Amino acid sequence: MREVLYLGTKEGALEHLEHGAAFVRELAGRLGLDLTRAVADDPFYDKGGSRARLMALDPVKHEFSAPDGTAIASVNRHRNFFGERLDIRAGSGGPAYSACVAFGVERWVHAMVLAHGTPRGRSTACARPAPEAPYAHRARSTKRTAQSTKHSAQ
């Protein structure tokens with residue numbers, strides 16, 4: 001699993017997810033994959049608990065799935081959960097917000113095999129070059145943001 005994490009402001013976290021979802025859709029299109037996007041939940045929450053009920057009202061996770069239902073990527077909005085719990089600050093804006101875009105590399109391979117078959121007897125040049133991640137520049141600036149935030153373990 002490859003995850004691209006953002007840590008900073010609420011607006012920045014939402015922008016990270018928008019760019020990440022656009023990247024997943026563009027990459028899938030270039031690879032000839034037909035994905036569906038749907039609200040998902042995290043299995044580690046109690047289905048009857050308050051956090052699960054909150055997620056049903058305001059979904060924080062969306063998965064992109066192959067035609068057979070295999071989730072191959074997701075966008076996850078953590079809100080300020082980690083900022084509050086770990087006392088991570090986003091400058092003077094209060095607790096930091098975080099979000100991540102996740103890619104299951106072996107799941108992408110699975111989706112490619114579903115869509116195009118196995119490579120045996122086929123050209124290996126079945127796809128165009130992948131686009132540069134639209135949020136790659138943000139990952140570099142996020143490191144500076146995360147390092148410049150104040151974290152106290154009191």
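Is Ser-98 buried or exposed? With a relative accessible area of 4%, Ser-98 is buried, because anything under 20% counts as such. The close-ups below start from this residue and come from a predicted model.

**View 1. Ser-98 and its surroundings.** Here we look at Ser-98, a residue of strand E5. Its side chain meets the side chain of His-78 in a polar contact of 2.9 Å. His-78 is also one of the residues that Ser-98 touches once neighbours within four places in sequence are left aside. The others on that list are Leu-5, Tyr-6, Leu-7, Ala-13, Arg-77, Arg-79 and Phe-82.

**View 2. An edge-to-face pair between helix H1 and strand E5.** The structure holds three aromatic pairs. In one of them, Phe-23 and Phe-103 lie 6.0 Å apart, centre to centre, with 85 degrees between their planes. That arrangement is edge-to-face, because the angle is over 60 degrees. Phe-23 sits in helix H1 (residues 10-30) and Phe-103 in strand E5 (residues 97-103), so the pair links parts of the chain that are 80 residues apart. Phe-23 counts as buried at 9% relative accessibility, and Phe-103 counts as buried at 8%.

**View 3. Trp-108 joins the group.** Stay with Phe-103 and you will find a second partner: Phe-103 and Trp-108 form a tilted pair, 6.4 Å centre to centre and with 40 degrees between the planes. The label is tilted because 40 degrees is neither under 30 nor over 60. Trp-108 has a relative accessibility of 8% and therefore counts as buried. Taken together, Phe-23, Phe-103 and Trp-108 make up one aromatic cluster.

**View 4. The largest nonpolar core.** This view takes in a core of 23 residues. Which residues have the most contacts inside this core? They are Val-24, Leu-33, Leu-35, Phe-103 and Trp-108. Two of these names, Phe-103 and Trp-108, are familiar from the aromatic cluster. Two or more residues of the core come from each of strand E1 (2-8), H1, strand E4 (71-79), E5 and helix H4 (105-116). H1 gives the most, with seven residues.

**View 5. Helix H1 from end to end.** The 21 residues of H1 should span 30 Å at 1.5 Å a residue, and the end C-alpha atoms are 31 Å apart, which agrees. The buried residues of H1 are Gly-12, Ala-13, His-16, Leu-17, Gly-20, Ala-21, Phe-23, Val-24, Leu-27 and Ala-28. Among them, Ala-13 is in contact with Ser-98 of the opening view, and Phe-23 is the partner of Phe-103. After the helix comes Gly-32, with a positive phi near 70 degrees.

**View 6. Stepping back to the whole chain.** To place the close-ups, this last panel shows the chain with its five helices and five strands. From the N terminus on, the elements follow the order β-α-β-α-β-β-α-β-α-α. Of the 154 residues, 36% count as buried. Among contacts between residues at least 6 apart in sequence, 68% join residues at least 24 apart. The accessible surface comes to about 9,600 Å², and carbon and sulfur atoms account for 54% of it.

Technical notes:
Residues are numbered from 1 along each chain as its sequence is written. Side-chain values use heavy atoms; hydrogens and water are left out. Rings of Phe, Tyr and Trp (its six-membered ring) pair if their centres lie within 6.5 Å; planes under 30 degrees apart count as stacked, over 60 as edge-to-face and the rest as tilted. Helices (H or I, at least four residues) and strands (E, at least two) are DSSP runs, numbered from the N terminus. Buried means under 20% relative accessible area, exposed over 50%, partly exposed in between (1.4 Å probe, protein chains only). A polar contact is a pair of N or O atoms within 3.5 Å; within protein, one must be able to donate a hydrogen and the other to accept it, and residues adjacent in sequence count only if both atoms are side-chain atoms. Contact means heavy atoms within 4.5 Å. A nonpolar core is a set of buried Ala, Val, Leu, Ile, Met, Phe, Trp, Tyr and Cys residues joined through side-chain atoms within 4.5 Å. Accessible areas come from the Shrake-Rupley method with a 1.4 Å probe; for residues, only the protein chains shown count as cover. The expected span of a helix is 1.5 Å times one less than its number of residues.
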